[in-house]
Amino acid sequence: MSAEREVRLDTQRSARTGFSEIIYCPGKSDEQIADIAAALKDTKENILFSRVSEHQHSIIASVLPDAELHARARITGVRRQESPNYKGMIVITAGSSDVPVAEEAAVAGEYMGCDVKRLYDVGVAGLHRLMAHVDDLQAAKAIVAVAGMEGALPTVVGGLVSCPVVAVPTSIGYGINMGGIAPLFTMLNTCAMGVSVVNIDNGIGAGYLAATIVRQLYTFQNKA
């Protein structure tokens, strides 16, 4: 089977959902990555390649010279549209080890048009760090809360704010963390209302959801 037949881009996704297909890169061959980049060369939409390696980024950049590597987020992005800079999306982490997953969420939100505020290393083990930002959190329209270990951060945040909280469990933690299953269970069992949970380490899914919420709010406000 040729690489051409192996790659079938969803070129109509933006018309259906408001944002183009995000290309997941692990497992793809160099030829597939190059073919996808070539197929997107003339698009006027913003482009995201997720979980890229530096080698894969070099392939993308050879086809799309305007491609930018966001190393901590493991994302290659191409900006083809000016950002509306929708306000109100916040990404927070319990610890600094959770930052790569959080950056994935933040960068996705930025390419979807949001002006993303980052609050990192504000976990509940030092609750004063979180409480110092209560005003910012309570002014948010959507929050992505990223935590490993026992994953308590989203529940605490959910008890402080009126906006949706997207919880992201990470695989960061000691043995009983079980590769992120422990914080996943904590977040699924939250007693705080308004908290939804994505899969382990799924920063890009959380960022997409939070950005969609913010974008919808602006759309409704402009129609009102």
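What follows is a friendly exchange about a predicted model.

Modeller: Before you ask, this is a predicted model, where local features need pLDDT of at least 70 and side-chain atom pairs count only at pLDDT 80 or more, while totals for chains, interfaces and linings use all residues. Residues are numbered from 1 along each chain as its sequence is written, and side-chain values use heavy atoms, with hydrogens and water left out.

Biologist: Thanks! Which element gives the most residues to the largest nonpolar core?

Modeller: A nonpolar core here is a set of buried Ala, Val, Leu, Ile, Met, Phe, Trp, Tyr and Cys residues joined through side-chain atoms within 4.5 Å, and the largest one has 29 residues. Strand 5 (86–93), strand 6 (114–119), strand 7 (142–147), strand 8 (165–169) and helix 10 (203–223) are among the elements that each supply at least two residues. Helices and strands are DSSP runs numbered from the N terminus (helices H or I, at least four residues; strands E, at least two). The most, 7 residues, comes from helix 5.

Biologist: How many residues are in the other core that lies apart from it?

Modeller: That second core includes Leu119, Val165, Ala167 and Ala192. Its size is 20 residues.

Biologist: Is Asn177 buried or exposed?

Modeller: Asn177 sits in the loop between strand 8 and helix 9. Leaving aside neighbours within four places in sequence, Asn177 is in contact (heavy atoms within 4.5 Å) with Gly148, Met149, Thr170, Ser171, Ile172, Ala182 and Pro183. The cut-offs are under 20% relative accessible area for buried, over 50% for exposed and partly exposed in between (1.4 Å probe, protein chains only). Asn177 has a relative accessible area of 3%, so Asn177 is buried.

Biologist: Which backbone nitrogen does the side chain of Asn177 reach?

Modeller: The distance for this pair is 2.7 Å. The backbone nitrogen belongs to Gly180.

Biologist: Now the surface: what accessible area do the residues of the nonpolar patch with Leu188 have together?

Modeller: Patches are made of residues with over 30% relative accessible area and no salt bridge; like charges are joined within 9 Å, nonpolar side chains (Val, Leu, Ile, Met, Phe, Trp, Tyr) within 5 Å. Leu188, in helix 9 (residues 181–188), counts as exposed because its relative accessibility is 52%. Accessible areas come from the Shrake-Rupley method with a 1.4 Å probe, and for residues only the protein chains shown count as cover. Together Ile176, Met178, Ile181, Phe185 and Leu188 have about 520 Å².

Biologist: Which residue forms a salt bridge with Asp115?

Modeller: A salt bridge is a side-chain nitrogen of Lys or Arg within 4 Å of a carboxyl oxygen of Asp or Glu, and here the closest N and O atoms are 2.5 Å apart. The pair links distant parts of the chain, strand 6 and strand 5, 28 residues apart. Asp115 is partly exposed because its relative accessibility is 32%. The partner of Asp115 is Lys87.

Biologist: And which residues are linked with Arg72 in a network of salt bridges?

Modeller: One link is the salt bridge of Arg72 with Glu103 (3.9 Å, N to O). Arg72 lies in the loop between strand 3 (68–70) and strand 4 (75–78), whereas Glu103 is in helix 5, 31 residues apart. At a relative accessible area of 8%, Glu103 is buried. The residues linked with Arg72 are Glu103, Glu110 and Arg118.

Methods:
Polar contact = N/O pair within 3.5 Å; in protein donor to acceptor, adjacent residues only side chain to side chain.
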